Amino acid sequence: MGASSSFVKKYIAEFVFIFFIFLSGIMLAFNSGGFVLNFKEVGFTVLASFQKGVNTVYSEIGNTFNAIQELSKLREENKMLEEKLQNYEYLQRNNTEIRKENERLKEQLEFSNKIEQKNYPAQIIGRNADNLYSFFTINKGSRNGIKRNMPVIAVQRGVVGVVGKITAVGATTSIVMPVYDVKCNISARIQNSREVGLVNGTGTSDNRLSLSYIKKRSLEDLKIGDMVVTSGENENYIRDIPIGTISKIKVLDYDSSLEIELVPIVDFSRLETVIVTDVREINVRGYKNEEQ
């Protein structure tokens with residue numbers, strides 16, 4: 001028991017001795033200002049880090065806000081550019097259409113001034129979709145000098161062709177029966193062989209024509225692609241206006257004539273303007289064709 005007590009006293013004395021040494025060191029540090037300096041450095045470091053973090057966050061927020069404003073501005077500018085582009089494209093399309101229209105009218109006017117017969121340039125303003133009883137409506141009528149049975153021709157890409165004839169006349173508009181209508185008949189001549197026949201419409205959706213009364217003996221003189229033109233007989237059309245080209249020749253055992261099919265020279269799906277002619281009246285000097 002005495003040994004244990006002396007052991008405890010010994011360690012207590014050592015502990016007290018160490019404690020006083022540690023305490024003396026602390027007091028010496030305070031007296032030399034070391035701890036004060038360290039606390040200042042630590043406080044400055046913490047404050048600096050906090051300020052740096054705040055500045056970073058503020059800067060990021062500012063950048064984000066500026067980016068949003070810039071994006072909104074870019075979107076507005078992009079919208080304005082898109083509208084300008086659409087307007088430009090619209091004007092370009094209009095200019096292209098105007099140029100094409102001017103070319104067609106110029107081509108038509110040049111031809112109408114060349115022919116001797118009095119004529120009336122006109123525009124198609126309506127169509128009947130039924131191929132069997134097809135007709136066009138044009139913007140010229142009796143007030144412009146249009147009469148029933150006047151022949152109608154057209155100019156497409158420098159090529160003149162037969163369109164049909166006037167079947168009804170109003171004050172300011174007229175009805176044109178196209179050459180491919182089943183009721184349309186035109187006295188025609190094969191340009192190479194000079195054989196005369198009759199062209200009439202078939203009323204089919206592909207607008208093919210039929211040439212009748214060409215004798216079988218003429219077969220050797222005919223070939224695919226031959227041009228068929230108006231004969232000028234019976235004063236039904238101006239002479240030598242192209243009607244179509246031969247696309248098929250068929251020999252029928254029971255018929256003395258050939259069955260000949262033609263492709264119209266006029267592309268009716270693209271037809272926009274026509275010329276109505278008066279084959280019984282010649283243009284006099286100083287006469288000015290109607291252009292409206």
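Okay, let's start with one residue, serine 187. Leaving aside its neighbours within four places in sequence, serine 187 is in contact with Val196, Gly197, Leu198, Val229, Thr230, Ser231, Glu233 and Asn236. One of those partners deserves a second look: the side chains of serine 187 and serine 231 are joined by a polar contact of 2.6 Å. Keep in mind, this is a predicted model.

So, is serine 187 buried or exposed? Buried, because its relative accessibility is 8% and the cut-off for buried is under 20%.

Where does serine 187 sit, then? In strand E6, which covers residues 185–190. And E6 belongs to a closed barrel of six strands, in the order E6-E7-E8-E11-E10-E9, with antiparallel pairing. From one strand to the next, the twist averages 40°.

Let's walk round the barrel to another pair. Strand E10, residues 242–251, runs antiparallel to strand E11, residues 258–264, and seven bridges join them. In that pairing, threonine 245 stands opposite valine 263 in E11. As a reminder, strands of a sheet pair through backbone hydrogen bonds, either parallel or antiparallel.

Okay, zooming out to the protein overall. We've got two helices and twelve strands, and reading along the sequence, the pattern is α-α-β-β-β-β-β-β-β-β-β-β-β-β. Of the contacts with a separation of 6 or more, 59% are between residues 24 or more positions apart.

Last, the surface. The protein has 292 residues, and 31% of them are buried. The exposed area is about 19,300 Å², with carbon and sulfur atoms supplying 56% of it. That's me done, thanks!

Terms used: Residues numbered from 1 in each chain as written. Predicted model: local features only at pLDDT ≥ 70, side-chain atom pairs only at ≥ 80, totals over all residues. Heavy atoms only, no water. Helix = DSSP H or I, 4+ residues; strand = E, 2+ residues; numbered from the N terminus. Buried < 20%, exposed > 50% of the residue type's maximum accessible area, 1.4 Å probe, protein only. Contact = heavy atoms within 4.5 Å. Areas by Shrake-Rupley, 256 points an atom, 1.4 Å probe, with all protein chains shown as cover. Polar contact = N/O pair within 3.5 Å; in protein donor to acceptor, adjacent residues only side chain to side chain. Pairing = 2+ DSSP bridges. Axes fitted to C-alpha atoms, helices over the stretch in contact; angles between N-to-C directions.
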